[in-house]
Amino acid sequence: MNIRIAYRAAIAAATAAALVSLSACGGDDEATATPSTFSVAGVEVVKDQKLHDLLPEKIKKAGEVRVATDVPYPPFEMFLKEGEPALTGLDYDLGQAIGAKLGVRFRFTPQKFDGIVPAIQAGKFDAAMSAITDNKERQKVVDFVDYSQSGSGILVAEGNPAKVTTLDDLCGRKAAVQTATNQLDLLKEHQAVCTKTGKGRIDIQTFPKDSDAQLALRSGKVVAQVLTKPAAGWVAKTADGGKTFDLAEDPAAPGGYNASPNGIAVSKDLPQLTDAIQQALQALIDDGNLVHIFNKYGVASIAIKEATRNAAVD
């Protein structure tokens, strides 16, 4: 199943209710003035002239970085209001924070996901931020600055009454998952571990949609739901004002199970831009602002501790 389609289905209802509380926004019609500061998640990001000097002359002259993004894909990219161009989301906020550090605007434009990399190759965009998995195949045509590690996570009821922290805690118990997903494969693969430990196999309850699995969790029919970790964190943060679900955190898998890096894709024709973005991202890591941005969307644990480049694990 297309993971982006499944992901959207998982959190569409929660997203509509949550967007009212998000303040950072933008779009194709936003002002063209170059930002000197950007406020997000209670912190202010300011321009670093040394980082600005790293930019290629083309970007300095334009005062902006043209960024492609596939909207919606909560919590990474969303429309602030349906039918209007203004954007919000983790990628949008992070892009504006990096832009503020560099003293240029990150101008986001919606683009279908499968057309993002070709559009960068064609020179339509300088970069892309759209929860793009950094893999070796894509590295042949774009460079990545990695900013998160994300895989599968565990959603539990508020307060975690079943005390679920790891996949092992699901052994001998009922767990919900969407059909035809990587998360279903993950649970099936873990059955051997459950059998070996003598705790009993996971009673896997499959559902056609993640929202159906969450209904089962709400009603106590299962002790947890396994889905992508960013989706789990966003649902926990936004469903019923954050009062219904929690995100279980396995300290051995901070980015989630089978986590892979997500990166900012940058045109290979702009190596100076890649360098500048990497250093600006590292600055946001060092001053703690990156975690603040991720925490705004309920996924602080998937933020990386070092701005890596082309760190694909495939």
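Of the 314 residues in the chain of this predicted model, 56% count as buried. The fold is built from 11 helices and 14 strands. Contacts between residues at a separation of 6 or more come in good part from distant places in the sequence: residues 24 or more positions apart account for 77% of them.

Confidence is a useful thing to look at next. The mean pLDDT of the chain is 91, and 89% of its residues reach 70 or more. Two stretches deserve a more careful eye. Over residues 8–14 the pLDDT is below 50, and the model gives this stretch 14 contacts beyond near neighbours in sequence. Over residues 27–32 the pLDDT likewise stays under 50. For residues 27–32, the model has 16 contacts beyond four places in sequence.

Shortly after these stretches, a small hairpin offers a friendly place to start reading the fold. Strand β1 covers residues 37–40 and runs antiparallel to β2, with 4 bridges joining the two. Strand β2 itself spans residues 43–46. Within the pairing, F38 stands opposite V45, and V40 stands opposite V43. The hairpin has 2 residues between its strands, and A41 takes a positive phi near 50° there. Each strand also shows two faces. In β1, F38 and V40 make up the covered face, while T37 and S39 belong to the uncovered one. In β2 the side chains alternate, with V43 and V45 buried on one face. On the other face of β2 lie E44 and V46, which are not buried. The facing pairs F38 with V45 and V40 with V43 thus bring together residues of the covered face of β1 and of the buried face of β2.

Attention can now turn to the interior. In soluble globular proteins, nonpolar side chains tend to be buried together. Here the largest nonpolar core has 50 residues, and those with the most contacts inside it are L94, I98, L102, F106, I277, L281 and F294. Helix α10, made of residues 271–286, gives the most to this core, contributing 8 residues. L94 shows how such a position is surrounded. Leaving aside neighbours within four places in sequence, L94 is in contact with M129, Y147, L281, L284, L290, I293 and F294. A second, separate core holds 19 residues, including V164, A175, A224 and V226.

The structure also holds 1 disulfide. The link joins C171 to C194, with a distance of 1.9 Å from S to S. C171 sits in the loop between β8 (142–157) and β9 (174–178), and C194 sits in helix α7 (residues 182–197), so the pair ties together parts that are 23 residues apart in sequence. The angle about the S-S bond is -75°, making the link of C171 and C194 left-handed. Both cysteines, C171 and C194, are buried.

Helix α7 has another residue worth a visit, Q191. Although its side chain is polar, Q191 counts as buried because its relative accessibility is 6%, under the 20% cut-off. What does the side chain of Q191 reach at 2.7 Å? The partner is the backbone nitrogen of I202. Not counting residues up to four places away in sequence, Q191 touches R201, I202 and I204. As for D203, this residue is 12 residues from Q191 in sequence and 9.5 Å away in space, C-alpha to C-alpha.

A charged residue provides the last stop on this tour. K229 lies in helix α9, which spans residues 229–238. Is K229 buried or exposed? K229 counts as buried, because its relative accessibility is 2%. The side chains of K229 and E249 are joined by a polar contact of 2.6 Å. In addition, a polar atom of the K229 side chain lies 2.7 Å from the backbone oxygen of P254. The surroundings of K229 draw on several parts of the sequence. Not counting residues up to four places away, K229 touches G151, S152 and G153, together with L247, E249, A253, P254, G255, G256, V299, S301 and I302.

Definitions and conventions. Residues are numbered from 1 along each chain as its sequence is written. This is a predicted model: local features need pLDDT of at least 70, side-chain atom pairs count only at pLDDT 80 or more; totals for chains, interfaces and linings use all residues. Side-chain values use heavy atoms; hydrogens and water are left out. pLDDT is the predictor's confidence in each residue, from 0 to 100. Contact means heavy atoms within 4.5 Å. A disulfide is a pair of cysteine sulfur atoms within 2.5 Å. Buried means under 20% relative accessible area, exposed over 50%, partly exposed in between (1.4 Å probe, protein chains only). Two strands pair if DSSP finds at least two bridges between them. A nonpolar core is a set of buried Ala, Val, Leu, Ile, Met, Phe, Trp, Tyr and Cys residues joined through side-chain atoms within 4.5 Å. A polar contact is a pair of N or O atoms within 3.5 Å; within protein, one must be able to donate a hydrogen and the other to accept it, and residues adjacent in sequence count only if both atoms are side-chain atoms.
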